[in-house]
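Trainee: I have the sequence and the 3D view open, but I'm not sure where to begin. Could we go through it together?

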Amino acid sequence: MTITQHEKQSLIDLANEARKRAYVPYSKYPVGSALRTKTGKIFTGVNIENAAYPQTMCAERVAIFKAVSEGEKEFEIISVVTDNGGSPCGGCRQVMAEFGLDTIVLLADKNGNLVKETTVKKLLPEAFTPEKLVNK
Ligand code: THU
């Protein structure tokens with residue numbers, strides 16, 4: 001399915017709006033994400049930190065886990081909004097790769113400006129994917 005510029009901007013705006021709900025008392029680095037599934041459903045996520053720092057969960061994974069827990073596993077596009085257009089961490093790239101290397105990834109800054117449009121495949125070359133485990 002083709003995705004219009006307007007739809008892309010709307011996913012960035014939704015992620016930026018979600019960012020206001022990020023729980024970031026430690027890093028003060030709010031991240032928002034919005035994921036559109038192939039069935040057209042949208043799930044947002046924010047980063048949720050914890051006093052025990054390693055228990056923090058990234059925004060992208062919250063959005064993906066919300067979708068999967070609602071029965072959605074095929075994704076079209078995911079937006080990630082940070083203050084400075086930061087790129088997803090390695091762990092989030094791996095979780096994205098689990099559900100498809102062709103998912104489009106939009107990175108945007110706090111003003112909602114697109115900084116980069118890329119794909120999971122480009123963000124995680126030579127990914128370890130579920131097919132690698134077939135027949136094991
Ligand atoms: N963070 C994300 O939410 N997504 C990423 O891909 C990178 C990092 C969060 C985790 C932590 O709450 C804060 O950003 C600083 O690392």
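**Strands, helices and charges**

Trainee: How many bridges join strand β3 to strand β4?

Mentor: Look at residues 75–81 for β3 and residues 104–108 for β4; strands are DSSP runs of E, at least two residues, numbered from the N terminus. The two run parallel, and the bridges that join them number five.

Trainee: What pLDDT do local features need here?

Mentor: Residues are numbered from 1 along each chain as its sequence is written, and side-chain values use heavy atoms, without hydrogens and water. This is a predicted model: totals for chains, interfaces and linings use all residues, side-chain atom pairs count only at pLDDT 80 or more, and local features need pLDDT of at least 70.

Trainee: Which residue in β4 stands opposite Ile77?

Mentor: Start in β3, which spans residues 75–81. Then cross to β4, where the residue opposite Ile77 is Ile104.

Trainee: Which strands stand at the edges of the sheet?

Mentor: Five strands form an open sheet with mixed pairing, in the order β2-β1-β3-β4-β5; strands pair if DSSP finds at least two bridges between them. Two strands have a single partner each, so one side of each is left without a neighbour in the sheet. Those edge strands are β2 (42–46) and β5 (114–119).

Trainee: Which strands does helix α1 touch?

Mentor: Helix α1 (H or I, at least four residues) covers residues 5–19 and packs on the sheet. Counting heavy atoms within 4.5 Å as contact, the helix touches β1, β2, β3, β4 and β5.

Trainee: How far apart are the closest N and O atoms of Lys8 and Glu117?

Mentor: A search of the whole structure finds seven salt bridges, meaning a Lys or Arg side-chain nitrogen within 4 Å of an Asp or Glu carboxyl oxygen. Lys8 in helix α1 and Glu117 in strand β5 are 109 residues apart, so to speak distant parts of the chain. Yet they form a salt bridge, with the closest N and O atoms separated by 3.1 Å.

Technical notes
Axes are lines fitted to C-alpha atoms, for helices over the stretch in contact, and angles run from 0 to 180 degrees between N-to-C directions.
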